[in-house]
Amino acid sequence: ALIYQPVISHWNKGRKERKRKERREEKKVLKKCRQTFSFLKDSLWLGISVEIMILPILLCFYYETSFVGILLNLIVVPLLPALFLAGLLMGITGFFAQWPGTLLSYPVNLILHIYRELCEGMEELEVLSIVPGALSVYQIMIYYLLVAGFLLLFHFRSKIWSFLLLFLCIP
């Protein structure tokens with residue numbers, strides 16, 4: 001039994017080391033998944049925020065709106081860093097030599113073509129369009145005041161609730 005003890009100990013040590021390595025790899029994969037989910041969640045919130053802020057202006061000038069833009073932003077926002085980088089490189093290299101700038105314009109054109117095709121495809125879906133008509137200036141002002149109020153309420157929610165409780169408790 002004493003002869004096999006170092007062999008078994010070495011085998012157990014290797015097995016534990018493999019398990020630790022596997023756990024580290026799993027943690028890396030989970031971290032990447034969390035980052036991707038966080039990026040998609042941030043993209044969704046960005047789309048919703050933009051839609052909330054420009055809604056009265058769209059209604060004032062175009063009399064209708066579509067909430068498909070929120071869905072399109074989930075696809076377009078992740079492409080923006082690549083678009084900006086390719087456009088910047090295209091502009092810098094195109095300033096010094098035309099053919100490298102032209103070569104770098106292909107990724108920019110591809111991304112913009114994808115975006116245009118998505119927009120045109122979503123334009124045909126009139127299911128998510130609403131047509132409430134034009135808003136008056138007073139309605140727009142009330143809308144933005146309500147949005148500002150909700151933002152302040154959300155930002156200072158713990159302080160406001162404690163203030164309201166204090167106010168309600170004073171006879």
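Phe95 and Phe96 are both exposed (over 50% relative accessible area, against under 20% for buried and partly exposed in between, with a 1.4 Å probe and protein chains only). The model is a predicted one, in which local features need pLDDT of at least 70, side-chain atom pairs count only at pLDDT 80 or more, and totals for chains, interfaces and linings use all residues. Residues are numbered from 1 along each chain as its sequence is written, and side-chain values use heavy atoms, with hydrogens and water left out.

A search of the whole structure turns up two aromatic pairs (rings of Phe, Tyr and Trp, the last by its six-membered ring, with centres within 6.5 Å; planes under 30 degrees apart are stacked, over 60 edge-to-face and the rest tilted). In one, Phe95 and Phe96 meet edge-to-face, at 5.2 Å centre to centre and 80° between the planes. Tyr143 and Tyr144 are also edge-to-face, because their planes stand at 70° with the ring centres 5.6 Å apart. Tyr143 is partly exposed because its relative accessibility is 23%, and Tyr144, at 24%, is partly exposed too.

Ile48 belongs to helix α1, residues 5–62 (helices, H or I, are DSSP runs of at least four residues and strands, E, of at least two, numbered from the N terminus). Its relative accessibility is 25%, so Ile48 counts as partly exposed. Between Ile48 and Asn73 there are 9.1 Å in space, C-alpha to C-alpha, and 25 residues in sequence.
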